Amino acid sequence: MSGAGMRGSGMTSERTRGRMVERLRQQGISDEVVLSAMVAIPRHFFIDDALAHRAYEDDALPIGFGQTISSPYIVARMIEAMRGQRELGRVLEVGTGCGYQAAVLSQVAKEVYSVERLAQLLDKVRARIWKLRIHNLRVAHADGYLGLAEVAPFDGIVVAAAAPAVPPRLLEQLAPQGRLVIPVGTGERQQLKLIMREEQGFSERVLEPVKFVPLLERLA
Ligand code: SAH
């Protein structure tokens, strides 16, 4: 992974990502598959130049249009919970944003689909995944409340924006044993939830309090 856009920051940033991963371990992330994926994907590549020097701090950062890139910890936490130590075939991300989490997902699943309601964000994302030579990731301008019925079911779904309640379409699109990770709630009162499709029905676990931008209805 050494596209033209990474020139000049290659080795340094790989070392910096090593430190980021040490921090993630201290924060309780233990899935080696997820940690390797976080080392493989250059986070600075998904952030505008003016902020790129802060790419490996454990912070959410602005990516334009009032949206944010999630912190490394939350990206790792969500993917670890969604993976549940399984081999993943097809997965869905809702809320592509700058494309970072989708790129990390591309390292842990065979096929990744990511949907975003703001069309303006997607051209940049397509250019980034092209430069990084990621071939198993498709992004689409679509409303995440509806999922992506035409390619469902998914072994896992991660939602990167907070919904007032779990969207029923996403539950329907989970494969058997499928796992959905989603922030649920409004404003400051949000909880990250893990929902698992069981032989009959679903089970649910609350992971931790979180703060995400809202999942909005309809395309922009
Ligand atoms: N996954 C990103 C973070 C994205 S922030 C990362 O790697 O850091 C959340 C994104 O969800 C925003 O880009 C927002 O536009 C998008 N979003 C909000 N509501 C949506 C919806 N209904 N469908 C699809 N995307 C939505």
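Here is a walk through this structure, from the overall build down to single residues.

Keep in mind as you look around that this is a predicted model. Start with the parts list: the protein has 6 helices and 9 strands. How compact is the protein for its length? Its radius of gyration is 16 Å, close to the 17 Å that the globule rule gives for 220 residues, so it is as compact as a globular protein of that length. If you line the protein up along its principal axes, the C-alpha atoms fill a box of roughly 50 × 35 × 35 Å.

Now think about inside and outside. Of the 220 residues, 52% are buried. The surface that remains accessible comes to about 10,500 Å², and carbon and sulfur atoms own 51% of that. Charges are part of the picture too: there are 28 positive and 25 negative ones, and their mean positions sit 4 Å apart. As for how the chain meets itself, take the contacts with a separation of 6 or more: 55% of them link residues that are 24 or more positions apart.

Let's look at some strands. Strand E1 covers residues 61-64 and strand E2 covers residues 67-69; the two run antiparallel and are joined by 3 bridges. One pairing you can look for is Leu-61 with its bridge partner Ile-69 in E2. Together E1 and E2 make a hairpin with 2 residues between them, and Phe-65 in the turn has a positive phi of about 55°.

There's another hairpin further along the chain. Strand E8 (residues 189-197) pairs with strand E9 (residues 202-209), again in the antiparallel sense, over 7 bridges. Here Arg-197 has Phe-202 in E9 as its bridge partner. This hairpin has 4 residues between its strands, and in its turn Gly-201 shows a positive phi of about 75°.

While you have strands on screen, here's a handy rule: in a regular strand the side chains alternate between the two faces of the sheet.

Next, some backbone oddities. Most residues other than glycine have a negative phi, and most peptide bonds are trans. With that in mind, where does this chain have a cis peptide bond? Go from Ala-152 to Pro-153: the bond between them is cis, with omega near 5°. Pro-153 sits in the loop between strand E5 (137-141) and strand E6 (154-159).

Gln-177 is worth a stop as well. It isn't a glycine, yet its phi is positive, at about 70°. You'll find Gln-177 in strand E7, which spans residues 174-186. Is Gln-177 buried, partly exposed or exposed? Its relative accessible area is 45%, so it is partly exposed.

Arg-218 also has a positive phi, near 70°, and it too is a residue other than glycine. This one belongs to the segment after E9. With 63% relative accessibility, Arg-218 counts as exposed, because the cut-off for exposed is over 50%.

Let's head for two buried residues in loops. Phe-45 lies in the loop between helix H2 (32-40) and E1. Its relative accessibility is 12%, so Phe-45 counts as buried, since buried means under 20%. Phe-45 and Lys-131 are 86 residues apart along the chain, while their C-alpha atoms are separated by 9.9 Å.

Leu-118 is found in the loop between strand E4 (109-116) and helix H5 (119-131). At 10% relative accessibility, this residue counts as buried too. Which residues does Leu-118 touch, not counting those up to four places away in sequence? They are Phe-65, Gln-67, His-141 and Ala-220. You met Phe-65 earlier, in the turn of the E1 and E2 hairpin. You can also check Leu-118 against Gly-97: they are 21 residues apart in sequence and 8.2 Å apart in space, C-alpha to C-alpha.

Last stop: Asp-155, in strand E6. Its relative accessible area is 23%, so Asp-155 is partly exposed. Leaving aside neighbours within four places in sequence, Asp-155 is in contact with several residues, including Arg-86, Arg-90 and Arg-179. Leu-88, Gly-89, Ala-175 and Gly-178 are also among its contacts. Now try Pro-167: it is 12 residues from Asp-155 along the chain, and the two C-alpha atoms are separated by 17 Å.

Conventions
Residues numbered from 1 in each chain as written. Predicted model: local features only at pLDDT ≥ 70, side-chain atom pairs only at ≥ 80, totals over all residues. Heavy atoms only, no water. Rg over C-alpha atoms; globule rule 2.2 N^0.38 Å. Buried < 20%, exposed > 50% of the residue type's maximum accessible area, 1.4 Å probe, protein only. Contact = heavy atoms within 4.5 Å. Areas by Shrake-Rupley, 256 points an atom, 1.4 Å probe, with all protein chains shown as cover. Lys, Arg positive; Asp, Glu negative; His and termini not counted. Charge placed at Lys NZ, Arg CZ, Asp CG, Glu CD. Pairing = 2+ DSSP bridges.
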